[in-house]
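Me: Please examine the model shown below and answer a series of questions about its confidence, strands, aromatic rings and cores.

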Amino acid sequence: MSSSSSSGLTFKLHPLVIVNISDHYTRVKSQMNPPISPHTTTTANGGDAVASSTPPRVYGCVIGVQKGRTVEIFNSFELLYDPSNNSLDRPFLEKKQDLYKKVFPHFYILGWYSTGSDAEESDMLIHKALMDINESPVYFLLNPSINHSQKDLPVTIFESELHVIDGIPQLIFVRSSYTIETVEAERISVDHVAHLKPSDGGSAATQLAAHLTGIHSAIKMLHSRIKVLHHYLLAMQKGAVPCENSLLRQVSSLLRRLPAIESGKFQDDFLMEYNDTLLISYLAMLTNCSSATNDLVDKFNTAYDRHSRRGGRTAFM
């Protein structure tokens with residue numbers, strides 16, 4: 001699987017595909033390894049506090065167009081994987097394919113993607129299963145592990161070729177080269193993400209990650225303090241602790257500060273503001289339509305006047 005492809009195809013990869021796969025992997029990994037509470041104690045025989053050390057693998061399809069010997073990968077979508085038989089959920093794949101054909105009628109399934117350091121033997125089973133959709137599917141592999149010394153993108157594109165090994169014809173993966181192709185919208189997005197990284201370069205965390213971490217810590221602290229108050233009020237209600245009117249007044253004052261989003265007055269005010277916003281947007285559209293109509297009428301009148309003048313001169317002569 002380390003040999004190079006001899007098909008002569010040229011692959012153009014759009015950044016949206018890399019972003020989609022990276023987001024897919026990050027979400028699955030976060031769901032498998034939820035954040036551990038500092039008050040949770042890890043048991044000796046392993047409990048809920050022990051996170052999975054095996055990195056997950058995600059699967060999906062890559063879509064795009066092929067013109068001659070040029071294959072351009074534009075987008076991707078996620079797929080469901082059954083690890084018991086090393087296969088993809090085919091009905092789910094066909095449903096997603098039909099939905100994408102309605103939105104992107106010129107895009108076709110070019111192959112599939114996964115995550116990992118290198119292609120595995122079980123990947124060939126999935127690859128062969130997709131050959132009825134595309135007779136020569138491509139395999140897009142993203143390596144999610146961080147390597148600060150690596151300068152290239154952790155992306156590998158594989159093609160499948162039939163090689164004779166020990167007198168037996170076998171289908172193997174071969175590497176293919178690719179180039180990054182971007183449109184204006186993608187360049188703006190990538191530039192925005194690039195500027196989120198701190199300029200000092202001393203940490204791999206981005207400013208966005210630091211901001212979200214701060215918000216998470218604040219919400220976590222708020223939740224812990226509300227939990228303490230809740231347990232204290234329950235104990236006070238049961239008579240386990242003496243009743244303190246001053247504390248109850250403070251709690252009542254805090255509760256009154258919360259926005260009453262379930263009240264009827266809030267719903268009325270919200271709908272009124274929402275309708276006013278829609279009305280302003282509708283008036284702006286009407287104004288633009290009226291302006292465009294006036295411009296069209298002015299042009300029509302100008303053209304009609306010129307035509308009338310020419311017709312009058314011809315009749316006079």
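The questions and answers below deal with this predicted model.

Me: What is the average pLDDT of the protein, the predictor's confidence on a scale from 0 to 100?

Reply: The model is predicted, and confidence is given residue by residue. A score of at least 70 is reached by 82% of the residues. Over residues 41-50, pLDDT stays under 50, and the model has 5 contacts beyond four places in sequence for that stretch. For the protein, the average pLDDT is 80.

Me: Which residues form the covered face of strand E1?

Reply: Strand E1 spans residues 10-13 and has two faces. Thr10 and Lys12 belong to the uncovered face. The covered face consists of Phe11 and Leu13.

Me: Which residue in E10 is the bridge partner of Leu13?

Reply: E1 runs parallel to strand E3 (residues 70-78), to which 4 bridges join it; there, the bridge partner of Leu13 is Ile73. E1 also runs parallel to strand E10 (residues 178-180), with 3 bridges between the two. In E10, Leu13 has as its bridge partner Ile180.

Me: How far apart are the C-alpha atoms of Ser177 and Gly8?

Reply: Ser177 is found in the loop between strand E9 (168-176) and E10. With a relative accessibility of 61%, Ser177 is above the 50% cut-off and therefore counts as exposed. Along the chain, Ser177 and Gly8 are 169 residues apart. The separation of their C-alpha atoms is 9.9 Å.

Me: How are the rings of Tyr59 and Tyr81 arranged?

Reply: The structure holds 10 aromatic pairs. In the pair of Tyr59 and Tyr81, the ring centres are 4.1 Å apart and the planes meet at 20°. Planes under 30 degrees apart count as stacked. The arrangement of Tyr59 and Tyr81 is therefore stacked.

Me: How many residues apart in sequence are the parts that the pair of Tyr59 and Tyr81 ties together?

Reply: Tyr59, in strand E2 (residues 59-67), is buried with a relative accessible area of 6%. Tyr81, in strand E4 (residues 81-82), is partly exposed at 25%. Because the two rings lie in these two strands, the pair ties together parts whose separation in sequence is 22 residues.

Me: Which element gives the most residues to the largest nonpolar core?

Reply: The largest nonpolar core has 19 residues, of which Phe77, Leu93 and Tyr139 touch the most other members. Two or more residues come from each of E2, strand E6 (108-115), helix H3 (123-129) and strand E7 (138-142). Another core, of 17 residues, lies apart from it and has Leu13, Val17, Val138 and Val155 among its members. In the largest core, the greatest contribution is 4 residues, from E2.

Me: Which residues do ring pairs link with Tyr139 into a cluster?

Reply: Beyond its neighbours within four places in sequence, Tyr139 is in contact with several residues, including Arg57, Asp123 and His127. Trp112, Phe158 and Phe173 are also among these contacts. Through ring pairs, the residues linked with Tyr139 into a cluster are Tyr59, Tyr81, Trp112, Phe158 and Phe173.

Me: Which residue has its backbone nitrogen 3.3 Å from a polar atom of the side chain of Thr115?

Reply: Thr115 is located in strand E6. Its relative accessibility is 1%, under the 20% cut-off, so Thr115 counts as buried. Residues that Thr115 touches, leaving out those up to four places away in sequence, include Ile21, Tyr25, Pro56 and Leu141. The backbone nitrogen at 3.3 Å from the side-chain polar atom belongs to Val58.

Note on methods
Residues are numbered from 1 along each chain as its sequence is written. Side-chain values use heavy atoms; hydrogens and water are left out. Buried means under 20% relative accessible area, exposed over 50%, partly exposed in between (1.4 Å probe, protein chains only). Two strands pair if DSSP finds at least two bridges between them. Rings of Phe, Tyr and Trp (its six-membered ring) pair if their centres lie within 6.5 Å; planes under 30 degrees apart count as stacked, over 60 as edge-to-face and the rest as tilted. A nonpolar core is a set of buried Ala, Val, Leu, Ile, Met, Phe, Trp, Tyr and Cys residues joined through side-chain atoms within 4.5 Å. Contact means heavy atoms within 4.5 Å. A polar contact is a pair of N or O atoms within 3.5 Å; within protein, one must be able to donate a hydrogen and the other to accept it, and residues adjacent in sequence count only if both atoms are side-chain atoms.
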